[in-house]
Amino acid sequence: MELLQLQYFLTVARLEHVTEAARSLHVTQSSLSKTIQRLEEDLEVPLFDRTGRKLRLNEFGSRFLHRAERALFELEQGKQELSDLSSPEYGTLELAVTTASTLPNILREFRKKRPYIHFHVQMLTTQEMVTLLHRGEVDFCLSSPPIEGDNIECQIVFIDPILVAVPKGHRLADRSSVTLTDLRDEWFVGVKRGYGTRDLVDSVCKSEGFVPKYVYEGDEPARLSTLVEAEIGIAFIPSTARNSREHLKYLPVENHELVREIALLWHRSRYISRAALEFREVVVEYFGAISEQTI
């Protein structure tokens, strides 16, 4: 059994399509098919059910996938550990976030300590983040809501109040706070379902007997302040994502502890480099400083 066979198998298992897998691996379809066929011959069982160029893992394939992922995961961790030992000042930090509003400040502070470490950051939904965590493909995730699961370490780093952003000319702009009932007939702008803040506020509003009416749903939380300022709709915005625009007013919500928990996540078995450990320290110190300012 060859390492290349396992790598090809994982790609095909995840994409379940020969053409797409070959494109992802930058190899010909015939070469990919022959490699998978040799692996099946070595194992003496078929791993996929085939329909044209589409493949679906059968029971043999599903069981073998778990083992293959663990094997390649351990090899990758070994590679990273040796790289860290040989060149601790260099490397790449793999990050994933569902909440990006605080990330620029955190990265700025970290870069002061580790100027030669590169970043690769992905903005993901909660489910996409869970997938990468279980594969061990990221060093850390900054997530709201927190994620619990096998092999996932979860450290709550901040309790973030969620505010209601309204334009200065809005009927509620002169208020010091609002109730959810006040918002029942409003139009909202927000992120799509699957993002923690959106799912949280939808759930809380539903408990109050209404479903927020969205005129805009997107993938860029930072855009919401601009849309509110343009009077497209109002928005639920975490306190850490407030934009200091003079034409916006941020209002706390009465009678509800409307907050999101921000958590730092990592895979228990993933090798944590010295740079990654320092990144974790920066995250904890950053949110600790914010907490002290709000006391």
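## Exercises on a predicted model

The side chain of Asp139 makes a polar contact with the side chain of Arg270, at 3.1 Å. A polar contact is a pair of N or O atoms within 3.5 Å; within protein, one must be able to donate a hydrogen and the other to accept it, and residues adjacent in sequence count only if both atoms are side-chain atoms. This is a predicted model, in which local features need pLDDT of at least 70 and side-chain atom pairs count only at pLDDT 80 or more, while totals for chains, interfaces and linings use all residues. Residues are numbered from 1 along each chain as its sequence is written, and side-chain values use heavy atoms, with hydrogens and water left out.

**Exercise 1.** Describe the surroundings of Asp139.

Solution.
- Step 1: Asp139 sits in the loop between α6 (126–135) and β5 (140–143); helices (H or I, at least four residues) and strands (E, at least two) are DSSP runs, numbered from the N terminus.
- Step 2: Asp139 is buried, at 8% relative accessibility. Buried means under 20% relative accessible area, exposed over 50%, and partly exposed in between (1.4 Å probe, protein chains only).
- Step 3: Besides Arg270, the Asp139 side chain reaches the backbone nitrogen of Glu94 at 2.7 Å.
- Step 4: Leaving aside neighbours within four places in sequence, residues in contact with Asp139 (heavy atoms within 4.5 Å) include Gln80, Thr92, Leu265 and Tyr271.

**Exercise 2.** Explain why Cys141 and Cys154 are not bonded to each other.

Solution.
- Step 1: A disulfide is a pair of cysteine sulfur atoms within 2.5 Å.
- Step 2: For Cys141, the closest cysteine sulfur is that of Cys154, 10 Å away, which is too far for a bond. From Cys154, the closest cysteine sulfur is in turn that of Cys141.
- Step 3: Cys141 is buried, with a relative accessible area of 0%, whereas Cys154 is partly exposed at 24%.
- Step 4: A search of the whole structure finds zero disulfides.

**Exercise 3.** Find the residues other than glycine with a positive phi, starting from His26 and Glu231, and state where each lies.

Solution.
- Step 1: His26 has a phi of about 60° and lies in the loop between α2 (18–25) and α3 (29–43). His26 is exposed, with a relative accessible area of 73%.
- Step 2: Glu231 has a phi of about 65° and lies in the loop between α8 (224–229) and β9 (235–238). Glu231 is exposed, at 57%.

**Exercise 4.** Locate the cis peptide bond that leads to Pro145.

Solution.
- Step 1: The bond runs from Ser144 to Pro145, with omega near 15°.
- Step 2: Pro145 belongs to the loop between β5 and β6 (152–167).
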